[in-house]
Amino acid sequence: MGARDLLVVAIVFTAATVVVAGDPVHHVVGEDRGWDPSTDVASWYSQRVFRVGDKIWFTYSTTQESLVELRNEEDFTSCDLSNPIKMYTDGLDTISLEGVGIRYFVSGNTESCKNGLKIPVKIQPKEQIMAQNSVASMAVADGPTVPSASTNLNGLSYILIVGLSICLLGL
């Protein structure tokens, strides 16, 4: 491989690894039990990381529960439902997490809310894995490494990897 070929490989490989990030996660609140007073949503919530692009699913019995998104921590803490951002009543609600910050979800039943059926969803930025910018480190490698099984590749990453493979076979 010549210097030009190594440069092409380094640029394509760097681009591929910069866009490698976890696929959006679909969080089902309370898992099998759903959004219900018998569910320990605090325990469920404590084991989750929410990122921009994820979706959160709430399932509940519409005869017993509903879902309310509140504006701030004060309303969340006191279960004050008088000034909501939005009320959900479908029994199966999917909410896209589109920006960094905290969103406050509580039961539309004040008693259930005061008994703990509420979660603050802290949304973190999308995870990105940055590549080394050194062409020299690419020269000693036999080729690009395969990401571990724990790394999810999005569609663009697959296209870049296929492009890299074509470059290597064609050069």
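Glutamate 69 stands opposite phenylalanine 105 in strand 7. That pairing belongs to a predicted model of a protein chain with six helices and eight strands. The chain has 171 residues, and 33% of them count as buried. Two open sheets organise the strands: one has five strands in the order 2-8-7-4-5, and the other has three in the order 1-3-6.

**The chain as a whole**

- From the N terminus on, the elements run α-β-α-β-β-β-α-β-β-β-α-β-α-α.
- Many contacts reach far along the sequence: among those between residues at least 6 apart, 71% join residues at least 24 apart.

**The five-strand sheet**

- The strand order is 2-8-7-4-5, the sheet is open, and the pairing is mixed.
- Strand 2 and strand 5 (86-88) are the edge strands, and each pairs on one side only.
- Strand 2 pairs with strand 8 in the parallel sense, over two bridges.
- Within this pairing of strands, arginine 51 stands opposite glutamine 124 of strand 8.
- Strand 8 (residues 118-124) also runs antiparallel to strand 7, and six bridges join the two.
- Phenylalanine 105 faces isoleucine 119 of strand 8, while glycine 101 stands opposite isoleucine 123 of strand 8.
- Strand 7 (residues 101-107) pairs in turn with strand 4 (residues 67-70), in the antiparallel sense and over four bridges.
- Strand 4 and strand 5 run antiparallel, joined by three bridges.
- Which residue of strand 5 is the bridge partner of glutamate 69? The partner is lysine 86.
- Glutamate 69 therefore has a partner in strand 7, phenylalanine 105, and another in strand 5, lysine 86.
- Phenylalanine 105 likewise stands opposite glutamate 69 and opposite isoleucine 119.

**The three-strand sheet**

- The order here is 1-3-6, again in an open sheet with mixed pairing.
- Strand 1 (26-28) and strand 6 (92-96) stand at the edges with a single partner strand each, so one side of each has no neighbour in the sheet.
- Neighbouring strands of this sheet are turned by 20° against each other on average, direction ignored.
- Strand 3 and strand 6 pair in the antiparallel sense, over five bridges.
- Lysine 55 has serine 96 of strand 6 as its bridge partner.

**Aspartate 54: a buried charge**

- Aspartate 54 sits in the loop between strand 2 (50-51) and strand 3 (55-59).
- Aspartate 54 is buried, yet has no salt bridge.
- Why does aspartate 54 have no salt bridge? A salt bridge needs a side-chain nitrogen of Lys or Arg within 4 Å of a carboxyl oxygen, and the nearest side chain of opposite charge, arginine 51, is 6.3 Å away.
- The side chain of aspartate 54 does make a polar contact with the side chain of histidine 27, at 3.0 Å.
- Leaving out residues up to four places away in sequence, aspartate 54 touches Pro24, Val25, His27, Val49, Ile95, Ser96 and Leu97.
- Histidine 27 is thus on the contact list of aspartate 54 and is also its polar partner.

**Threonine 59: partly exposed**

- Threonine 59 lies in strand 3.
- Is threonine 59 buried or exposed? Threonine 59 counts as partly exposed, because its relative accessibility is 27% and that class lies between 20% and 50%.
- Threonine 59 and arginine 33 are 26 residues apart in sequence but 8.4 Å apart in space, C-alpha to C-alpha.
- Beyond its neighbours within four places in sequence, threonine 59 is in contact with Gly34, Trp35, Gly91 and Leu92.

**Serine 66: buried in a loop**

- Serine 66 is found in the loop between strand 3 and strand 4.
- Serine 66 is buried, because its relative accessible area of 14% is under the 20% cut-off.
- Residues up to four places away aside, serine 66 touches Trp35, Tyr60, Tyr88, Thr89, Val106, Ser107 and Gly108.
- Trp35 is one of the contacts of serine 66 and also one of those of threonine 59.

Definitions and conventions:
Residues numbered from 1 in each chain as written. Predicted model: local features only at pLDDT ≥ 70, side-chain atom pairs only at ≥ 80, totals over all residues. Heavy atoms only, no water. Buried < 20%, exposed > 50% of the residue type's maximum accessible area, 1.4 Å probe, protein only. Lys, Arg positive; Asp, Glu negative; His and termini not counted. Polar contact = N/O pair within 3.5 Å; in protein donor to acceptor, adjacent residues only side chain to side chain. Contact = heavy atoms within 4.5 Å. Axes fitted to C-alpha atoms, helices over the stretch in contact; angles between N-to-C directions.
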